[in-house]
Amino acid sequence: MRQKRLLICIWLWTLLNFSFINASSNGLLRVGLRKKQFDIDRLHTAKFVKKEYLYLQNQGLDFLTDDSKTDVVSLKNYLDAQYYGVIGVGTPPQNFTVIFDTGSSNLWVPSSKCYFSIPCYFHSRYHSKLSSSYIENGKSCKITYGSGSISGFFSQDHVQVGDLVVEKQVFIEVIREGSLTFLLAKFDGILGLGFQEISEGGYPPVWNTMAEQGLLKKKVFSFWLNRNPNDTTGGELIFGGYDRKHFTGDHVYVPVSRKGYWQFEMGDFLIGGKSTGYCAERCDAIVDSGTSLLAGPTTVIAQINHAIGAEGIVSIECKEIVEQYGKMILELLNAQTRPEKVCSQIGLCVFDGTSSTSAGIKSVVDEQNMDSSSRNADLFCTACEMAVVWIKNQLRQNQTEELILNYANELCGRLPSPMGESAVDCQQLASMPNVSFTIAGKSFILTPEQYVLKVEQADTSICISGFTAFDIPPPRGPLWILGDVFMGAYHTVFDFKHTKIGFAKSV
């Protein structure tokens, strides 16, 4: 009788804790995603955290490393992440709310050994002594994000995702969460879905272990993110396949160009059907479920801000470049000068054969020791390069000299704020243009209703642009990060057997 009662209690516990995660009979593991509303106050808090980070960076206290693995992860700020789910770690499983993040590759949760970090006390913590399947590892590690870092040590245990038990999965027990981000976050940890190449410690991510243990019908997983603000269902992450009711038509597949992140080559980016000129030859892009917005090069985001009437900041350096060198840039481009050489011919940048660098830096100098003249030279070089792209694009549209220079000057007043947030007029949505990404030769359109986020504050609707600036220099950049704004519009399949990504219109 006692055993029967125990079995009933275990059954009820499992039903309550994993009712939104289930494995269907066709071999698909469905993880129901929860969604929190896009919160303007949380966005402002994220803005404060980023401001704090930028201050430390300017004071020479930057904690980013030169490791190429960190150039995207380091800029992540999970405060505005919206989609999350629940997993279990250990035997019996201890529950944790996690973000399923295709932009990183490690699984980490707070540890019971996290004594001196305040954020840990506001989240569930893993107790190794309570798990009969725990295996000690002990190797220390640290992961740096743009708004803080986590540190801890590796351990090994079973990870329960729905009805599936992933045995002996290596994960991180976090003993320090060094940021306000993790104190305020609604999640306990991160379950990374990127490739092993960017995994801290080189350990395989959860999906890789699932495949090795034969737990998946197919070596794919897929995301459907529900963007309906009135629907309580956040979306669905499916391991082993996808559900056709979540999309219409067929997926358009593009190969992964560089394993690590889910990275691929994309073509031109268009505003209102017109090329921005920046990615006409090629840009790289990353699909990142751990990022809420769409992040792209400042040069393009300024054009978007101008087109949708988004607030921006004024760059005096940019305006000076247009005023003093605008006509010269026009003449050089008309003379068929290679765009990447224009600024070096003017004397504002140095062309190294592939890209331009500031003419004010004669050797490789640590940014912490740069003097103000070097920083100013960088600003003028960057402003010149942006002006070249804008002017070249307007020349392609056969605009007059006056209109071209006026347009470039206007864009100098629409540069995205380093803090990321750009407000737009909610009443002007109908007049805003569609934007489109070119992927595998196909056009993927986002309407204003899809790329503008409407949030409520004090019974008032506030509209925020879904675009934010993000600059990575060559050869790794320029780079786009397609976050939840894009993934909400397009059902996404991550095929790790054939290393490709598929997109289809969500329903």
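A charge sits over a ring if NZ of Lys or CZ of Arg is within 6 Å of the ring centre and within 35 degrees of the ring normal. The model here is predicted, so local features need pLDDT of at least 70 and side-chain atom pairs count only at pLDDT 80 or more, while totals for chains, interfaces and linings use all residues. Residues are numbered from 1 along each chain as its sequence is written, and side-chain values use heavy atoms, with hydrogens and water left out.

**Exercise 1.** Find the rings that sit under the charged ends of Arg125 and Lys500.

*Solution.* Start with Arg125: its charged end is over the ring of Tyr121, 4.6 Å from the centre. Now take Lys500, whose charged end is over Tyr253's ring at 4.3 Å from the centre.

**Exercise 2.** Classify the ring pair Trp207 and Phe221, then place it in the fold.

*Solution.* First, the rule: rings of Phe, Tyr and Trp (its six-membered ring) pair if their centres lie within 6.5 Å; planes under 30 degrees apart are stacked, over 60 edge-to-face, and the rest tilted. That rule yields 30 aromatic pairs. With 6.5 Å centre to centre and 40° between the planes, Trp207 and Phe221 are tilted. Next, Trp207 belongs to helix H5 (residues 206–212) and Phe221 to strand S10 (residues 220–225), so the pair ties together parts 14 residues apart in sequence. Helices (H or I, at least four residues) and strands (E, at least two) are DSSP runs, numbered from the N terminus. Finally, both Trp207 and Phe221 are buried, meaning under 20% relative accessible area (exposed is over 50%, partly exposed in between; 1.4 Å probe, protein chains only).
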